[in-house]
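Please look through the sequence and the model shown below before reading on. The paragraphs that follow take up a few side-chain interactions and the places where they occur.

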Amino acid sequence: MSCSKEEIERKRLAAIQKRQTKLSSPNSPLGNISISNTTQGSPSFTAQNINGRKLYHPYKKPEINQSENIPVTKVVSGTIYLISESRFEVNPSEFCVPLINIFKSLPSKCYDANTKLWNFSIEDYEQLMSKVAPLAPHVVLGALPAYVLKVVRENITDPNNIDLTPVEATLRNKLMPFQEDGVRFGIAHRGRCMIADDMGLGKTFQALAIASYYKHNWPLLIVTTSSMRDTWQNKVYELLPSVPLMNIVTLSSGKDTQLVADKQTEVVIVSYKITSMHTDLLKSKNFGVVILDESHHLKSNKSQCTTALVRVCRGAARVLLLSGTPALSRPAELYTQLLLIDNKFFGSYTEYGKRYCAGRQTNFGWDMSGQSNLAELQILLQKKFLIRRTKEQVLTTLESKTRETVLLDESLLQFSKEDQKELSEMADTWRASRPSDKHSALISYFTESARVKTPAICKYIKQVIKEEGVGKRYCAGRQTHFGWDMSGQSNLAELQILLQKKFLIRRTKDQVLTTLESKTRETVLLDESLLQFSKEDQKELSEMADTWRASRPSDKHSALISYFTESARVKTPAICKYIKQVIKEEGVGKFLVFAHHRSVVQAVCAALDQLNTRYICIDGHTPSSSRAELVERFQHVAACRCAVLSLTAAGAGITLTAANLVLFAELHWNPGMLMQAESRAHRIGCCGEVRVRYLLANNTADDFIWPMLQNKLDVLNNVGLSGDTFKDTTITHQGNNNITQYLTPNYTKNKNDYIPGTNIRKNSIQQCDMQQNGKSATEQCDMQQNGKSATECTKNEESFLEHDQDDDLLANLEL
């Protein structure tokens, strides 16, 4: 049967009405279901409670109970750590629906798609922990340590509001703007911090400025390396002029302990090594301010030095650490340094290592060689402990620096089959070694690798010189069978122009010191009869000369050294005889004797002892602490006539203007060394003409070194780096007309009776001073100019009765 559209519509509406009436009945089992027409006549159904039960809606998302899907057999753990000063991140061990729902409920939630981790504001930290707490023991998150929360929430004094007026004006006026920021940072942290600026940015200035600000907490202790003690002393004296020099003590030995204990001592400078030897002394001084220079030396918490300084710094109000490289390789090296700044901050080394060094328990103890939570550690360091600036940040005009890696030519490596096998075994040993043995295994591998690489390194350096063209253009570089020979010179006029325009400024004494007394040079040919020549010696020296002439350029220097050493032995008797003659010359006051070999220095000292001539001696074995005292003695004690000096140890850096004669017992193949040595006497402050004499001997290495020196000086003159020449020196011969030169006096010397480094008796200085104090200034000046000692100028009777060298000679002469 067919129905029209009108009938179909009428029946549909009747059915809907009937159903609506049925649903509206209170006895209906479906409860209340509302049906309403929507647009275009389509009804919509809304499910409500039917007899207290929930109806299922196919398009509605199911509600999830937080107590569902919690793993019972496996615990979900997680770590929380800072990623910035205001946000932290959560890293769960695995996906957990209830935990994710909590994350989504926090207002500061943020999901990082790269790390696939959630992070939140530090303000929501307590809310997160309170919501996660009911999930225990199935879900456990490691809380942020209390010290992290304390640093994040702590209010620090604004460094910009700090006034630097208490800092001494001399130092304050020399600070650059970024250095002032560093000083303010240290003061804002109450003088307990680390200045970790790049090398060369003036950490010394900043540390002394902070120490000056807290001068009311002094005395000041400065701990540094042995080589930097004098530098620190000079800087304190220069930048803090209010501190008298007598109140600055450098503790270098047990002799200085009384000075350190003195109440007037304000500044004590000590090396790391000495601190462990005098810990009790330093602790009893009760230093209020401590500066630890190059603090990365304290990276080991087991070293004696670290233990000693922890005790010393425990009572200090201010502790400043300075290092351009606080951690050389791993975070574990920072702990002891941070402990000195705040010994209660991290709790224990184990707690620090577990959080920031990925500390793990092994069969051999705790392994703290790793790293973890480095972003959080960086925040703690910057907020609590240190300030660090790089050269690029503060020196905008500094030229850039580029790094390259160069793979050396494998064909040039000094590889044999045995070497390859040995290196391979060392590599395997290093890989298989346990963590505590890895370092020693690596050192062995590293040392052997250096030997293998050496030929390739040398080849590369020669290639660099060739590529740059400097050697070829200015050193007459030429390729030989043994490599590039750069011992020549070429285009010196062009090089001189480049040096003067681009690199240097040079003035000579003659150009700027018009009132300086002149300097004359002489060469003295030693008496051949006094040379310690035997037929074997003559033959050996002749062979050495031939060897030097025939040797290739790379071996010439070593051959010359052997020849030079043997020549020194031969020349020694003639040198000593000439010095004895010089002492008896009229008009010779104080004089210097330079030598290279220690045997020659000792022989000259013995000759002076025989003549009872007072002298000082400075060589490589002379302690640096006593050199200044010896120089002062030579300069101001009239009785001290001679200074015996090593060319390499005392040829530069000291002033000996009291001398008017300079003797070179030996030459040196470097003319610059000789020029430097001459200038010890010929400089500002010298009185009268300075004479320089070079003692030469025929048939020795002097025959080759003397012309070589002149040739090298010619080259330096052509470049404009020197104005000296040996061509205008006069030649004299050593006189020999005294038969007593062949007699050796019987002379013994007790070193305990003399001042170290001199042959001056300890009790004679007081007598000399008493005699000088009884004379007028004019008499003392006349005595010094005549070259006489104080004891020689007392009375004629005493001079006549004085012990003379001839007495010993006659006593030993068998008649």
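In what follows, a residue is called buried when its relative accessible area is under 20%, exposed when that value is over 50%, and partly exposed in between. The model is a predicted one, and each value given here should be read with that in mind.

With these limits, Lys 174 counts as partly exposed, because its relative accessibility is 40%, and Glu 238 also falls in the partly exposed class, because its relative accessibility is 39%. The side chains of Lys 174 and Glu 238 form a salt bridge, with an N to O distance of 3.3 Å. Lys 174 sits in the loop between helix H5 (169-172) and helix H6 (177-188), whereas Glu 238 belongs to helix H8 (residues 229-239), so this pair ties together parts that are 64 residues apart in sequence.

Glu 238 has a further partner, since its side chain also meets that of Lys 235 in a salt bridge, here with an N to O distance of 3.7 Å. Both residues lie in helix H8, and because they are three residues apart there, about one helical turn separates them. Lys 235 is partly exposed, with a relative accessible area of 24%. Lys 174, Lys 235 and Glu 238 are thus linked in a network of salt bridges.

Another salt bridge joins the side chains of Asp 197 and Arg 389, with 2.9 Å from N to O. Asp 197 is found in the loop between strand E8 (192-195) and helix H7 (203-213), and Arg 389 in the loop between strand E16 (386-387) and helix H16 (391-394), so the pair ties together parts that are 192 residues apart in sequence. Are these two residues buried or exposed? Both Asp 197 and Arg 389 are buried. In the model as a whole, the count of salt bridges comes to 23, among them the pair of Asp 197 and Arg 389.

A polar contact of another kind involves Ser 567, which has its place in helix H23 (residues 553-584). Ser 567 counts as buried, because its relative accessibility is 2%. Which backbone atom does the side chain of Ser 567 reach? The side chain of Ser 567 comes to 2.9 Å from the backbone nitrogen of Ala 701. When residues up to four places away in sequence are set aside, Ser 567 touches Leu 541, Thr 700 and Ala 701.

How values were computed: Residues numbered from 1 in each chain as written. Predicted model: local features only at pLDDT ≥ 70, side-chain atom pairs only at ≥ 80, totals over all residues. Heavy atoms only, no water. Salt bridge = Lys/Arg side-chain N within 4 Å of Asp/Glu carboxyl O. Helix = DSSP H or I, 4+ residues; strand = E, 2+ residues; numbered from the N terminus. Buried < 20%, exposed > 50% of the residue type's maximum accessible area, 1.4 Å probe, protein only. Polar contact = N/O pair within 3.5 Å; in protein donor to acceptor, adjacent residues only side chain to side chain. Contact = heavy atoms within 4.5 Å.
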